[in-house]
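Student: I've never looked at this one before. Could you walk me through it, starting with the whole chain and then going piece by piece?

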Amino acid sequence: GSRYFVECWGRDAWHHRWAAAMSILEKISEIEGEMARTQKNKATNAHLGLLKAKLSKLRAQLISDQTAKSGGGGGEGFDVAKTGDSRIGLIGFPSVGKSTLLSKLTGTQSEVAAYEFTTLTCIPGVFKYKGAKIQLLDLPGIIEGAKDGKGRGRQVIGVALTCTLLMIVLDAMKPLTHKKKIEKELYGFGIRLNKERPQINFAKKERGGVNITVAPGCKLVGMDNEIVANICREYKVANCSVSFRCNATADDLIDVIEGGRKFVPCIYVLNKIDAITVEELDVLSRCPHYCPVSAHQEWNLDGLMDMAWEYMNLIRIYTKPRGQIPDYNAPVILPARRVTVSDFCERIHRGLLSQFKHALVWGKSAKHQPQKCGKDHVLEDEDVVQIVKKI
């Protein structure tokens, strides 16, 4: 009797969870349908802003439910050990040539290991470029509806979140349909491609209603103060201050309120260009963030690597041991945003800062060669640094 009760209870609990997920999915499709039917104009902006906020909330709820169901995402993890200085994820539908691209770029030096989980394999390879070791991940074909918890798309996106750069691999024969579908999936997971983080400050308060300030020279796009207040109320925030320091849309505001968004640079790799005409290629190459290649024929792979380096925004700092020439073969690779001598020391060894006396710097950032600097000195690409320790 007790076994029957446990079985029934387990079945009921599963059915309840399934019904809840289905009702959320139904709500999502209803809202998407209503948004598609609504004409965009000044009169409907407020209504559309509220619908966007509701849609975003439901998607977040669906993802958190799915994560809770799979035990917080642990256990059957789909992860690959991070190696090298940077990480690039190859995303695309099956059979667009991701594996060929991976093997051509990483070549023989790629120690390819397969991390298998049921039907998915995430294959990492490593290639060296400008002295940096870059890990390239061939993420399995993204399945439509991954953001709604279908298939194993969520784990794929989980790995995509850890990448410095994403490459969406498209087939030159059918590029735009695939591009739209993948962008929609990534957007549903809070991944924003080739976008800067919106300069919006959002702070909850005890009282005083919704205070809105817009910096001089900036404007609200497709919304006014009333829509901003309505979106805040949709998230059950009645008292807050919102300051805009950029031209902001309703989507930007929703991203800031919800948080957990990742802004990632992305290159659209247009593969199999050997199968299309020069005229077609000319039209496609005008699109921003596109890089046409043929992995099979090895066309323009150098151009792709150059573009990837530019998008990853990394700098190289060379080390110079005392009394020796600089080591140009193994640079220290750091992200380009305001890198100081202190960051450089941290990257080499955590304990180095406690013994730090001063640094000698040669290169673009030095006023004279060498310049004696403290730990707050900002470094530039291809500087040479010698650390002088306390005796």
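**A first tour**

Tutor: Happy to. The protein chain exposes about 21200 Å², and carbon and sulfur atoms supply 52% of that. Keep in mind that this is a predicted model.

Student: How many helices and strands does the protein chain have?

Tutor: Let's set the scene with the chain itself: of its 391 residues, 43% count as buried. Among contacts between residues at least 6 apart in sequence, 66% join residues at least 24 apart. As for secondary structure, the count for the chain is 10 helices and 19 strands.

Student: Let's try the five-stranded sheet. Which strands stand at its edges?

Tutor: This open sheet runs in the order β14-β13-β19-β16-β17, with mixed pairing. A strand with a single partner has one side left without a neighbour in the sheet, so look for those: they are β14 (327-335) and β17 (371-373).

Student: By how many degrees are neighbouring strands of this sheet turned against each other on average?

Tutor: Ignore direction here and just take each strand with its neighbour in the sheet. On average, the turn comes to 35°.

Student: Which residue in β19 is the bridge partner of Tyr318?

Tutor: Tyr318 takes us to β13 (residues 314-319), which pairs with β19 (residues 383-389) in the parallel sense over three bridges. Across in β19, the bridge partner of Tyr318 is Val384.

Student: And which helix packs on this sheet?

Tutor: Look for a helix that touches β13, β14, β16 (356-362) and β19. Its direction makes about 110° with that of β14. That helix, residues 341-348, is α10.

Student: Now the three-stranded sheet. Which strands are at the edges there?

Tutor: The order is β7-β9-β8, again an open sheet with mixed pairing. Two strands have a single partner each, so one side of each is left without a neighbour: β7 (200-204) and β8 (210-214).

Student: What is the average turn between neighbouring strands here, and which residue in β9 stands opposite Asn201?

Tutor: With direction ignored, neighbouring strands of this sheet are turned by 10° on average. β7 pairs with β9 (residues 240-244) in the antiparallel sense over five bridges. Opposite Asn201, in β9, stands Ser243.

Student: At what angle to β7 does helix α7 run?

Tutor: Start with another helix, α6 (residues 225-234), which packs on the sheet, touching β7, β8 and β9, with its direction at about 135° to that of β8. Helix α7 (residues 250-258) lies across β7 and β9. Its angle to β7 is about 45°.

Student: Why do the buried residues of α3 line one face of the helix?

Tutor: In helix α3 (residues 98-106), the buried residues are Lys98, Leu101, Leu102, Leu105 and Thr106. Seen down the axis of α3, they fall within a limited arc, so they line one face. An α-helix has 3.6 residues a turn, so residues three or four places apart point the same way. The arc for α3 is 105°.

Student: Last one: is Arg192 buried or exposed, and which side chain makes a polar contact with its side chain?

Tutor: Arg192 sits in strand β6 (residues 191-193). Buried means under 20% relative accessible area, and Arg192 has 3%, so Arg192 is buried. Leaving aside neighbours within four places in sequence, its contacts are Tyr187, Asp255, Arg261, Lys262, Phe263 and Val264. A polar atom of the Arg192 side chain lies 2.9 Å from the backbone oxygen of Tyr187, and the side-chain partner, at 2.8 Å, is Asp255.

Note on methods:
Residues numbered from 1 in each chain as written. Predicted model: local features only at pLDDT ≥ 70, side-chain atom pairs only at ≥ 80, totals over all residues. Heavy atoms only, no water. Pairing = 2+ DSSP bridges. Helix = DSSP H or I, 4+ residues; strand = E, 2+ residues; numbered from the N terminus. Axes fitted to C-alpha atoms, helices over the stretch in contact; angles between N-to-C directions. Contact = heavy atoms within 4.5 Å. Buried < 20%, exposed > 50% of the residue type's maximum accessible area, 1.4 Å probe, protein only. Arc of directions from axis to C-beta. Polar contact = N/O pair within 3.5 Å; in protein donor to acceptor, adjacent residues only side chain to side chain. Areas by Shrake-Rupley, 256 points an atom, 1.4 Å probe, with all protein chains shown as cover.
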